[in-house]
Amino acid sequence: FGSPFPGLWAVTLVVAAVLNCNFGMGFIEADVSLNTMYGQEVGGSVGFVGYKGTVVHWLENPWELARQGRCGPHDEEKCDHEAIQVFDDGLLIVDESGHVHQVGDYDSMIREHQNLHVVNYTGNILMPGFVDGHIHYPQTGVIASWGDDLIEWLHKYTYPEEASFHDKLVAKRGAREFINNLLKAGTTSALVYSVIFKYGVDAFFEEASSRKMRVLSGLNGMSNCDSAYRFNVTAPEGSTKSVPLCNSEDEEDVLGIESS
């Protein structure tokens, strides 16, 4: 709705998350669930719900305006002003199915909807949710780990961390923490690099689906199992296992084809 990324909305500070034109709102805490954040459930009433705050959304893509020559390379502010619409005291109305119905100035819109149930988020910003174009789901635990170079960093931190997602419980916990962090930052869509283990990928998609996220992801391909590095991984219950960093744990499936 009025955005280069239709239907993706978020509120900063009080965060909202929306997918496929659905609008949801709730305070982000340790474990976020969007299932109970849709407009029709706010305040226990069924029907249209309004959200009052500073509404910011995009009428056009500013980069497309520049490409079309409607504002030059030195007129970035003109591109922004033409592309972005701001209602300092705005109202965002959501219908009973959780879809954005209308957005505009609060005073003028409230006269048209005098019986509307309004949730007041004055002082907060309602805006399209952020889109992350490149992020790694299994690397949350090694953020800011230091290394002299990429290869050292991969072998010392990244590969062992990703190998731990061989454990289904680790994968499930990791997926939940990852999605929590995205939503806390107002990110509602992402292109996500996943893991090499099928059930680790399943855990990610199950978690993202339960939060109604919009994600692109899949099984990472590391199929050279014959010469794969192996890591000793300790499961949450304390058992240790040697895990090959490839798509298969079947020693005979050297190319990882069956697992993939």
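Which residues of α4 are buried? I started my notes with that, keeping in mind that the model is predicted.

**Entry 1, helix α4.** I looked up the buried residues of α4 and found L154, T158, Y159, E162 and A163. I counted a residue as buried when its relative accessible area was under 20%. The helix covers residues 150-163, and I noted a kink of about 35° at K156. The proline P160 follows shortly after that kink. At the N-terminal end I found a cap, D149. One of its side-chain oxygens lies 3.3 Å from the backbone nitrogen of I151.

**Entry 2, the second largest pocket.** I then looked for empty space. Rolling a probe the size of a water molecule over the atoms shows where such space is left. The second largest pocket holds about 160 Å³. Its lining consists of I135, H136, Q139, T140, V142, I143, W153, F178, N181 and L182. Two elements each give two or more residues to this lining, β6 (130-136) and α5 (168-184). The largest share, three residues, is from α5. I sorted the lining by class and got six nonpolar residues, four polar ones and no charged ones.

**Entry 3, the largest nonpolar core.** This core has 18 residues. I listed the members that touch the most others: Y137, F178, I179, L182, V192, F204 and M213. The elements giving two or more residues to the core are α5, β7 (187-193) and α6 (198-210). Again I found α5 with the largest share, here six residues. I also marked F178 and L182, which line the second largest pocket and are on my list of core members with the most contacts to other members.

Technical notes:
Residues numbered from 1 in each chain as written. Predicted model: local features only at pLDDT ≥ 70, side-chain atom pairs only at ≥ 80, totals over all residues. Heavy atoms only, no water. 1 Å grid on protein atoms, 1.4 Å probe; cavity = no way out; pocket = protein on both sides within 12 Å on 5 of 7 lines; lining within 4 Å. Points joined across faces, edges and corners; volume = space filled by probe spheres on them. Helix = DSSP H or I, 4+ residues; strand = E, 2+ residues; numbered from the N terminus. Nonpolar A, V, L, I, M, F, W, Y, C, P; charged D, E, K, R; others polar. Bend = angle between axes of the 7 residues up to and from the residue. Buried < 20%, exposed > 50% of the residue type's maximum accessible area, 1.4 Å probe, protein only. Polar contact = N/O pair within 3.5 Å; in protein donor to acceptor, adjacent residues only side chain to side chain. Core = buried A, V, L, I, M, F, W, Y, C linked by side-chain atoms within 4.5 Å.
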